[in-house]
Amino acid sequence: MIDLLLSPQAWAALLALVTLEIVLGIDNLIFISVVSSRLPEKQQRHAQKIGISLALILRLALLSVISVVVGLTAPVFDLGITGPLDSHGTPAFETAFSWRDIILISGGVFLVWKATTEIQHKVQPDPANTMFKSKEVASFASVVTQIIILDAVFSIDSILTAIGMTSELPIMVVAVVIAVGVMFLAAGPVSSFVNANPTVVMLALAFLLMIGMVLIADGFGHHLPKGYIYAAMAFAAFVEMLNLLARKRKHAHAQ
């Protein structure tokens, strides 16, 4: 432990891993904020605390059985289908599925379904005229269940990312705790901002839809560069911020 504290490489690895875990945690936080927004206002913060607490518990539990998590990447069955090779000799996709792939595909399908459902409700608020019929206000149990499902998916992705960056368990634990702490601090402001700006909700749902597709592609062995994905999300968020600023100034000028 003393050697880790005195190692510049360990501090550099911690900084890089904390940054990446925070970015991955934002995906988790967006989902929690959007899903909890369908609860009565008094229950929203409670659901968010439960969701983020579960995210921390799941991540630490996975770190405690790290050898099992590493084993999730071993193929369990293979359909024998691969896509065309790129310039580096890597297939565009493959069907040798590990438990990690199965979990990512299942989580991605769930996320695509959930985002599509919510977008449909936003576009057509009358449930009787939509292809997805459900109550306008979700039950607390259903919201927490949805959060648990996606927490599990995001936690596995988070821990596998940590394993790929460092072999030191203390660094992984510290990075995960810091990242989830940032999620706790950001949950309230993010939720309030999302609830106060309906167009931001639609943008967040579009992000979730894209993340779901990325998870499915990842499960099929088509690994999209995360930097491109987050750059696109950041640019879209910047454009939305300009729209919000323009609407705010227009409203102030009208008064």
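## Helices H8 and H9 and the loop between them

Let's start at the turn: Gly-221 sits in the loop between H8 and H9. Please keep in mind that this is a predicted model. With a relative accessibility of 13%, Gly-221 falls below the 20% cut-off and therefore counts as buried. What does Gly-221 touch, once its neighbours within four places in sequence are left aside? Its contacts are Ala-92 and Glu-94. Glu-94 is 127 residues away from Gly-221 in sequence, yet the two C-alpha atoms are 5.4 Å apart in space.

### The helix pair

On either side of this loop you will find helix H8, covering residues 198–219, and helix H9, covering residues 226–254. Their axes lie 11 Å apart and the packing angle is about 170 degrees. An angle over 145 degrees counts as roughly antiparallel, so H8 and H9 are described that way. On the H8 side, the contact is made by Thr-199, Val-200, Leu-203, Phe-207, Met-210, Ile-211 and Val-214. H9 contributes Ile-229, Met-233, Ala-236, Ala-237, Glu-240, Leu-244 and Arg-247. Sorted by class, this contact holds 11 nonpolar residues, one polar residue and two charged residues.

### A look along H9

How far should the 29 residues of H9 span at 1.5 Å a residue? The expected value is 42 Å, and the end C-alpha atoms are 42 Å apart, so the two agree. The buried residues of this helix are Ile-229, Tyr-230, Met-233, Glu-240 and Leu-244. Among them, Ile-229, Met-233, Glu-240 and Leu-244 also take part in the contact with H8.

Ala-232 is found in H9 too. Its relative accessibility is 40%, which lies between the 20% and 50% cut-offs, so Ala-232 counts as partly exposed. From Ala-232 to Phe-207, the C-alpha distance is 9.6 Å, with their positions 25 residues apart in sequence.

### Where H5 comes in

Asp-101 belongs to helix H5, which runs over residues 99–123. Leaving aside neighbours within four places in sequence, Asp-101 is in contact with Ala-96, Asp-218 and Gly-219. Is Asp-101 buried or exposed? At 10% relative accessibility, Asp-101 counts as buried.

Here are the three accessibility values side by side:

| Residue | Relative accessibility | Class |
|---|---|---|
| Gly-221 | 13% | buried |
| Ala-232 | 40% | partly exposed |
| Asp-101 | 10% | buried |

How values were computed: Residues are numbered from 1 along each chain as its sequence is written. This is a predicted model: local features need pLDDT of at least 70, side-chain atom pairs count only at pLDDT 80 or more; totals for chains, interfaces and linings use all residues. Side-chain values use heavy atoms; hydrogens and water are left out. Axes are lines fitted to C-alpha atoms, for helices over the stretch in contact, and angles run from 0 to 180 degrees between N-to-C directions. Helices (H or I, at least four residues) and strands (E, at least two) are DSSP runs, numbered from the N terminus. Angles under 35 degrees count as roughly parallel, over 145 as roughly antiparallel, 65 to 115 as roughly perpendicular and the rest as oblique. Contact means heavy atoms within 4.5 Å. Ala, Val, Leu, Ile, Met, Phe, Trp, Tyr, Cys and Pro count as nonpolar, Asp, Glu, Lys and Arg as charged, and the others, Gly among them, as polar. The expected span of a helix is 1.5 Å times one less than its number of residues. Buried means under 20% relative accessible area, exposed over 50%, partly exposed in between (1.4 Å probe, protein chains only).
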